[in-house]
Amino acid sequence: MSRPGGMATGDVAAGRSVRRTVAIVAHTHWDREWYQPFQTFRQWLVEVLDDVLDRLEADPSIPHFLLDGQMAVVDDYLAVRPEAEERLRRLAAAGRIDVGPWYVLPDEFLVSGETLVRNLQMGLERAAAFGGAMELGYLPDMFGHVAQMPQLLRQAGFDHAVVWRGVPAAVNRTAFWWRAPDGSGVRAEYLPVGYGNGAAVPDDAKALVERIRSHEAELGALLAPDAPLLWMNGGDHHRLQAHLGRVVAEADGLTDDHTLRITSLAKHLAAASVVGLPTWAGELRSGARANLLMGVASNRVDVKQAAARAERALERLAEPLSALFGDGAGAGAGATADALRRAWTEVVRNAAHDSVCACSADDVVAAVLVRYAEAAHRAEAVTDRALAGLAASMSSTGPVVVNPSARPRSGLVELLLPGTGEVEGGQVVAARPGSATERVVTGGLLGILLAQVANDEAAWGGAIVGVDVSDDESGLDVVVRTGLRQASGPSLASTLADLYARAGARRRESIHVRIEHEPFHRVLIRAEDVPGFGWTARSPTDPSEVMPVTVAQDESGRGCSLANGLVTVAVDATDGTFSLDGLRGLDLLVDDADAGDTYNYSPPEGDVPVDAPTAVTVDVVERGPLRAALRVVRTFEWPERLEAGRERVGQRLVEVSTRLELRAGERLVRVTTTLDNPCRDHRLRAWFPLPTPATSSRAECAFGTVERGLLAEGGITEHGLPTFPSRRFVTAGGLTVVHEGLLEYELVDDGKALALTLLRCVGVLSGTYLTYRPLPAGPPLPVAGAQMPGRHVLRYAVAVGDHDPYALVDDAFLPLLVTAGSGTGSRPATGSALSVTGAQVSAVRRVGGDLLEVRVFNPGAEEATVGLGGRTGWLVDLRDRPLEPVTGSFRLRPWGIATVHLTA
Ligand SMILES: [Zn+2]
């Protein structure tokens, strides 16, 4: 339609007939630790928040302040300023300060799905004490987003997410529908230039209006003509700007094109349009408009290994075993719950994006490692206590094999058995021979001698099991017996106490000591069909039906192979790789230069990788019949470092020792690679040629798997490098690799091989002018620790063919456990404490009293029936709100996540 002289038409077309709302959200982004350690940033946090409280109380022109979506900031502040709690609570309850919903702003790819859930639940619970959390998925700075995040947010009751990094070029608006694989979705508000697009507002209304106009121009077509502009007034560790309220009011009076309002994210999103938005399904890992920083998956492998171990110790062992075999609501339950809560707090703190990402100062990484270690230690103590509870409840004596996973399992366990010689159906791996020695010591030294005896025996797995004392006019005569630890009753302890008292009274007199070692040995046996979440009393003489694993050596002694009737593994002595059923060249070690930083890999121009060893030796370490292993030692000449970021100089001889292990009854080849790294500025990867070339890979991520092609989308500030993260496994072209904390893989050689990153060694937190990233991502802080000096033990395993990767990774890293039945309880010889079928189990834990929480997910594209062994309860959301009752089983949609509270 045309109307002569009608100015208004053009104005409407340009979106100028309506004043655009500029929604100003005052906030600070708080990295708890990063280029400065936690305590350094916390000192600054106290100053910033002192000031925020003062200003909000005094200045009604700033109605809202966003505390970065994470409750850790509140706790970190109040730990220093406990007297401020009431003021903070009043401001939060009045809606002046938005707190939560997270406990920390996590990285989503480098931690487990369960860690993401606990982080959200911890944040929501803590925020409830301050009047409730901000009810939206604020995800401002994560290095990309997992595919299942929309489903998690939905299950927390959220309708909205706010994201920056990772959004692909295909999203051409400042908002989009973001869908998880199960179909659940949220409206995602997209911050194309980040959470600091409105940082540092000038103290000049005219200048502010100019900045808003220039930002509109910068966003261009991304900002729909009628869309409000979200103006995030804050940045990393920023203070609240004192002049903000005044300048915004002045600027609002100056412009006819805009309405400026200081508001909250929740209010802004509640009024946001949902019409005509583009849709994106799945993970957000694009570098189109913001750096994804994909190299954080492979820096500081020690942190990623520690994360994998701590999460496994908590999720897969301590929680399920204490829930199923602990003392329920008994006397120890409080201590167990407390230990688990404290362990989770440390793991969740480490999930912060600069913490587990290890793009941080060396002191920060040291603190992260301590938190993971302490979380794992607490989990191990809880697990030990649960196993002791199971042992005490057994009606039988002797070894009891325990299965911590939901699926029935067979596998090897190691037992300590009395005696010597062969054990039918078993494999003796170490023998403590019987012997007797005579010693004469003074009374003053008897305690030291017995401590030595106990230590020596403990190294074998034994202990002092008996002491006889004769005390007459000829002197003190002592016989000490060692052997397999038994329940040492009060008699042994009191005999020892009495002996030390007598010896102490004769400090200078000679004492005759006879030490008798009873023989015992460590024996591998194979336990068959242990029920899921169950146990089986195992007699050492139970026969095993599986074919034995055998070792063959050719006449030269250099060629070695392992076979178990299922697969054959043969080492190529020329380059130290191995073949699996004829698929050759597996575990080729390729070392190349890395001039990058903790965020990004950066190959110097003309880099020539080193992949040929100068020498290879092969030894047989174990010969079966249940477990056979070879040790392959490859010697490489690796350049020592990069000079001026370009040329590899110096040379070091490096021995890389690889243990290849094959077990009876398994198709999985376990690989343990050990090296002492003396070199800098390099990347070491293990290459695995694929049975068939692949155009895509499928890797584990939170609550499922994700398929990716051979390319990654990049942008002008970051090249799209297709190095992707996998949580515990990745499958491509008929090969599955499972690993412990080796999170980065890449399909290389046009999809003909998969490269698993073992080490990435760099010397600076953030560099500049990297090959794939021209601009810095942080300060240029030297980080000697990120060069990964010293010894590393890297564990992974491979299988060829069609396998359940969840079963493979459990077989490799979640072994069956053993405890010793007491014979004094009533528990039968075999049984299961919980049956869950039809889905993967993410969590089993006790949530108050007798309520058992089970969280499952369906990792497939078909609807599943989840069986609960006839038990009943309620499906609940992530905030424990009941959804529907469950009797025995329930249907779970493809890629669905479900939490059930079992009441009976
Ligand atoms: Zn950050």
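Is Thr259 buried or exposed? Thr259 is buried, because its relative accessible area is 18% and the cut-off for buried is under 20%. This is a predicted model. Its mean pLDDT is 95. A zinc ion is coordinated by two histidines and two aspartates: His29, Asp31, Asp141 and His353.

**Zinc site**
- The donor atoms are NE2 of His29, OD of Asp31, OD of Asp141 and NE2 of His353, at 2.1 Å from the zinc ion.
- The site of the zinc ion is irregular, with angles of 86 to 165° among its 4 donor atoms.
- Along the chain, the donors are spaced as H-x1-D-x109-D-x211-H.
- Asp31 sits in the loop between β1 (20-26) and α2 (38-58), and Asp141 in the loop between β4 (137-139) and α6 (149-155), so this pair links parts that are 110 residues apart in sequence.

**Burial of the aspartates**
- Asp31 counts as buried, at 3% relative accessibility.
- Asp141 also counts as buried, at 4% relative accessibility.

**Thr259 and its surroundings**
- Thr259 belongs to strand β9, which spans residues 258-262.
- Beyond its neighbours within four places in sequence, Thr259 contacts Arg19, Arg20, Thr21, Val22 and Asp252.

**Confidence**
- In the protein, 97% of residues reach a pLDDT of 70 or more.
- Residues 1-16 have a pLDDT below 50.
- In the model, this stretch, residues 1-16, has 8 contacts beyond near neighbours in sequence.
- Where pLDDT is low, predicted coordinates should not be read in detail.

Conventions
Residues numbered from 1 in each chain as written. Predicted model: local features only at pLDDT ≥ 70, side-chain atom pairs only at ≥ 80, totals over all residues. Heavy atoms only, no water. Donors = N, O, S within 2.8 Å, 3.2 Å for Na, K, Ca; no water. Tetrahedral: all angles 85-135°; square planar, octahedral: opposite > 155°, others 65-115°. Helix = DSSP H or I, 4+ residues; strand = E, 2+ residues; numbered from the N terminus. Buried < 20%, exposed > 50% of the residue type's maximum accessible area, 1.4 Å probe, protein only. Contact = heavy atoms within 4.5 Å. pLDDT = per-residue confidence, 0-100.
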